[in-house]
Amino acid sequence: MGNVFLGSGSFISTGVLVETPESIDLEAEPAGIVVRGLAFTIDFLIRAIVLFVLGLALAFSGEAGMGVMLISWFLLEWFYPVFFEVFRAGQTPGKKKMGLRVVNDDLTPVGWGTSMIRNLLRWADFFPVLYTAGLATMAWNRYSQRLGDLAAGTLVIYSRKESMRSAGSDIRANPPPFQLEREDQVAFVGFAQRSQQLSEQRQQELADILGPLLPVHASQRVDYVRAVGQWLLGGRQ
Amino acid sequence: MDLSKLKFDPRLRNGWQAIDLGFAMARQWWWPSFLVWMIPALALYALLSFLLVDALFLLPIIIWWLKPLWDRLPLMMGSRALFGEALNVAATLRQSPKIFWIDLLPSLTWRRFSPTRSFDLPVTALEGLRGEERSRRLAVLHQNYSNAASWLTVVLVHVEGFLGLGFWSMAALFIPPELNVSWFALASSDGTLVMHFSNLITFAAMALVAPFYTLAGFALYICRRVQLEGWDIEIRFRHLVEKHQQPEKLAPGRKVAAWLLPLTVCMGLWGQTGDSWAQQVANQSSLIEDYYRQLDNHAPAAESKQQVMEVLGGEDFHRIEMEQGWRLKRAGEGEAGAESMPEWLLWFADVIDWLQTIASPLRDIFGGFATGFQLLLWIVVIALVAWLLYRYRNGLISLLSLPAKRKTAAQPDVLFGLDIRKESIPEDVCKRVRQWWSEGRHRDALGLLYRATLSRLVHQFAFEFHAGYTEQECVAVVSRGDNRDLSDYVSRLTRSWQQLAYAHRLPEAAQVDALCSQWQGLFGELRDAR
């Protein structure tokens with residue numbers, strides 16, 4: 001409890017970084033309890049509806065129907081996630097809806113073995129009731145892994161959607177006045193793309209930060225920075 | 001607001017990612033934010049449990065109702081910690097009366113049940129906005145994330161409930177079954193001890209979830225501001241300006257080079273005008289020589305070699321890894337030798353036995369249905385076996401070395417543009433070939449020989465060529481047969497033919513002659529024998 005009362009927090013990171021043997025850094029963002037809980041709920045409802053319809057259909061087939069019902073329940077409960085994770089690139093319908101994906105902790109796609117382990121170990125996460133153990137581990141774990149994930153070495157991450165929308169056709173493009181690092185390029189592009197969301201005063205403020213570096217008059221700075229962003233997005237007029 | 005002190009990476013996040021950021025904050029600052037929430041709440045809890053002895057069931061309800069107040073303290077502390085200030089539990093607690101007082105009434109009445117409570121709280125508690133102003137601000141903030149904020153509330157309400165039930169059932173697990181506790185009677189009784197226990201569990205669940213809920217709402221608010229105000233852009237722009245205004249920091253090596261260049265240029269200029277030009281040049285060259293000598297002396301070859309050996313001898317290059325695990329043991333492997341062979345068979349028999357014991361009650365249940373299933377399964381098995389037999393018929397036939405029944409229809413009439421039908425080959429091939437060769441129709445001669453060979457290979461020796469084969473694939477097919485002379489001959493002939501056909505290089509006359517006479521030996525005889 002050393003620095004409990006007077007502690008300065010260190011940097012809070014939410015990502016996971018994996019370096020390949022070729023020294024390429026792969027980044028991903030693990031998904032937390034809330035979004036995963038919702039994805040689980042969607043999958044749960046799908047399973048429940050399927051079983052309900054099946055139950056109606058088999059209601060009049062006596063004990064044999066009961067048997068088929070139990071078998072389907074078993075298969076749905078345990079292999080529904082495995083099936084989708086292996087054949088649908090780590091996405092059950094619920095995860096797909098929420099934009100999530102299961103991967104190994106080195107960000108490779110999951111295979112049969114890992115998917116089976118993480119899903120069969122759901123019973124450990126269920127302990128003692130209603131996934132309490134799983135919730136606790138996910139809240140506590142840096143990468144929001146439940147027990148099954150820890151055992152199988154898997155992560156649930158946000159599947160990324162790249163958007164390369166232009167900043168708007170009315171903006172002219174202008175090459176950057178000096179060389180830009182990658183992060184700086186992202187900032188310029190963001191400035192151009194988000195001109196609808198940022199208020200005009202704020203845009204002026206941001207452009208004024210760059211004032212000493214820009215070869216234009218103060219009143220033209222916003223347009224100039226947007227033009228550089230447009231150029232970086234591929235605009236060339 | 002100094003964004004350079006920010007304790008997180010202000011990217012654009014979607015609502016869920018913002019919530020995750022809040023959870024990461026709660027993990028990082030767990031103890032301070034937990035304590036800051038719990039201490040005032042627990043104080044009231046203790047007080048009330050003395051005052052409300054007759055109505056203990058009210059206790060968790062009151063604590064729960066006052067949650068908007070408790071939530072303000074972790075929020076206050078988190079908002080400071082996010083900009084690098086120290087987390088100070090005592091100071092935050094001292095400020096609590098002032099913090100609690102902000103907009104007290106609306107928070108506890110009509111805003112108490114707002115699903116976006118934690119997302120809205122920073123506007124009230126940190127920005128201090130009220131009434132119309134507050135609504136306008138919220139309208140802007142709610143254009144994004146309000147959906148995620150509501151779901152955050154819904155999910156965490158459930159988590160809190162699950163956690164409470166989890167504690168209950170954990171407790172139940174520790175009660176021996178011999179005691180025969182009637183849970184229903186216990187839950188509905190109003191025994192004071194049970195009531196206290198139940199209250200405590202509810203309180204614990206609330207206190208455990210609260211920091212996550214509050215800080216997730218705060219993270220949503222912060223990420224929304226990152227979006228609206230472009231914090232990420234501001235940080236990069238400031239960094240860029242800083243970088244361009246500072247004198248360049250160069251690496252030492254580059255620094256020397258950078259100094260050296262203007263120096264030499266200046267020296268050159270002086271030298272041209274002044275008297276001691278030669279002197280200057282001499283100095284300069286000795287300087288450079290010194291530099292190289294230093295480089296050489298720095299690590300003599302022997303020493304660096306020794307260093308390399310040391311590194312190679314080090315632990316990094318001599319890592320021993322032990323791997324332990326269960327692996328299937330092959331029959332006949334290891335010391336058990338021949339005896340272990342039937343072991344897996346026994347095991348297999350055990351499995352079958354076991355399956356049968358399991359199956360017998362099932363069979364009773366399924367009855368006629370099972371027989372139907374069984375029939376179906378047998379049909380599938382038979383179909384599978386039949387299909388396998390059909391699929392691998394060729395392999396099986398050759399395995400049993402049955403005389404292969406060739407389908408004449410499968411034989412191609414034309415291979416790479418050459419007609420190889422039996423009818424198209426003249427009776428006396430060799431005579432015709434020699435005749436054409438002497439007449440100077442070299443291409444026709446060798447072509448005929450090659451064509452005749454292919455034709456015989458197909459019709460006499462029953463090699464299977466597909467219409468799409470190349471010359472070399474034909475050679476490969478022949479060499480797979482066990483007739484060594486034949487395959488040798490075919491490969492030689494093919495090479496000669498290819499050189500003539502594609503490279504326009506004539507073989508020697510003697511070679512053609514030899515090929516002809518060998519042809520007679522290989523194919524002529526056999527034809528007679530048939």
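Me: What share of the 530 residues of chain B counts as buried?
Reply: In this predicted model, 36% of them do. To get that label, a residue has to have under 20% relative accessible area.

Me: And how many helices and strands does chain B have?
Reply: There are 25 helices and three strands in chain B.

Me: Which contacts in chain B join residues at least 24 apart?
Reply: Take the contacts between residues at least 6 apart in sequence: 75% of those join residues at least 24 apart.

Me: What makes up the accessible surface of chain B?
Reply: Carbon and sulfur atoms account for 61% of about 33,600 Å².

Me: Which residues form a nonpolar patch on the surface?
Reply: Twelve names would be a mouthful, so here is a sample, with the cut-off that lets them in: a patch residue needs over 30% relative accessible area and no salt bridge. Among the members are W378(B), I382(B), W387(B), Y392(B) and L400(B), and the patch has about 1,300 Å² of accessible area together. Helix 19 (368-391) and helix 20 (393-399) of chain B each give two or more residues to the patch. The largest share, eight residues, comes from helix 19 of chain B.

Me: Why is I382(B) called exposed?
Reply: I382(B), which lies in helix 19 of chain B, has a relative accessible area of 57%. Exposed means over 50%, so the label fits.

Me: Why does W73(A) count as partly exposed, then?
Reply: Its relative accessibility is 48%. That falls between the 20% and 50% cut-offs, so W73(A) gets the label in the middle. W73(A) is found in helix 2 of chain A. The C-alpha atoms of W73(A) and V50(A) are separated by 9.4 Å, with the two residues 23 apart along the chain.

Me: How many salt bridges does a search of the whole structure find?
Reply: Over all chains, the search finds 24.

Me: How do you know that E85(A) forms a salt bridge with K95(A)?
Reply: The closest N and O atoms of E85(A) and K95(A) are 3.6 Å apart. The cut-off is within 4 Å, so the pair passes. E85(A) lies in helix 2 (residues 62-87) and K95(A) in helix 3 (residues 93-98) of chain A, so the salt bridge ties together parts that are ten residues apart in sequence.

Me: What makes E85(A) and K95(A) buried?
Reply: E85(A) has a relative accessible area of 1%, and K95(A) has 12%. Both values are under 20%, so both residues count as buried.

Me: What about E85(A) and R118(A): how far apart are their closest N and O atoms?
Reply: They are 2.8 Å apart. That is within 4 Å, so this pair is a salt bridge too. R118(A) sits in helix 4 (residues 112-120) of chain A and E85(A) in helix 2, so the pair ties together parts that are 33 residues apart in sequence. R118(A) is buried as well, at 1% relative accessible area.

Me: Why are D9(B) and R11(B) called partly exposed?
Reply: D9(B) has a relative accessible area of 32%, and R11(B) has 30%. Those values lie between 20% and 50%, so partly exposed is the right term. D9(B) and R11(B) also form a salt bridge, with their closest N and O atoms 2.9 Å apart.

Me: Which residues do salt bridges that share partners join into one network?
Reply: Back in chain A, the network is made of R36(A), E85(A), K95(A), R118(A) and D149(A).

Notes. Residues numbered from 1 in each chain as written. Chains lettered and ligands numbered in written order. Predicted model: local features only at pLDDT ≥ 70, side-chain atom pairs only at ≥ 80, totals over all residues. Heavy atoms only, no water. Salt bridge = Lys/Arg side-chain N within 4 Å of Asp/Glu carboxyl O. Helix = DSSP H or I, 4+ residues; strand = E, 2+ residues; numbered from the N terminus. Buried < 20%, exposed > 50% of the residue type's maximum accessible area, 1.4 Å probe, protein only. Contact = heavy atoms within 4.5 Å. Areas by Shrake-Rupley, 256 points an atom, 1.4 Å probe, with all protein chains shown as cover. Patch = residues over 30% accessible without salt bridge, like charges linked within 9 Å, V, L, I, M, F, W, Y side chains within 5 Å.
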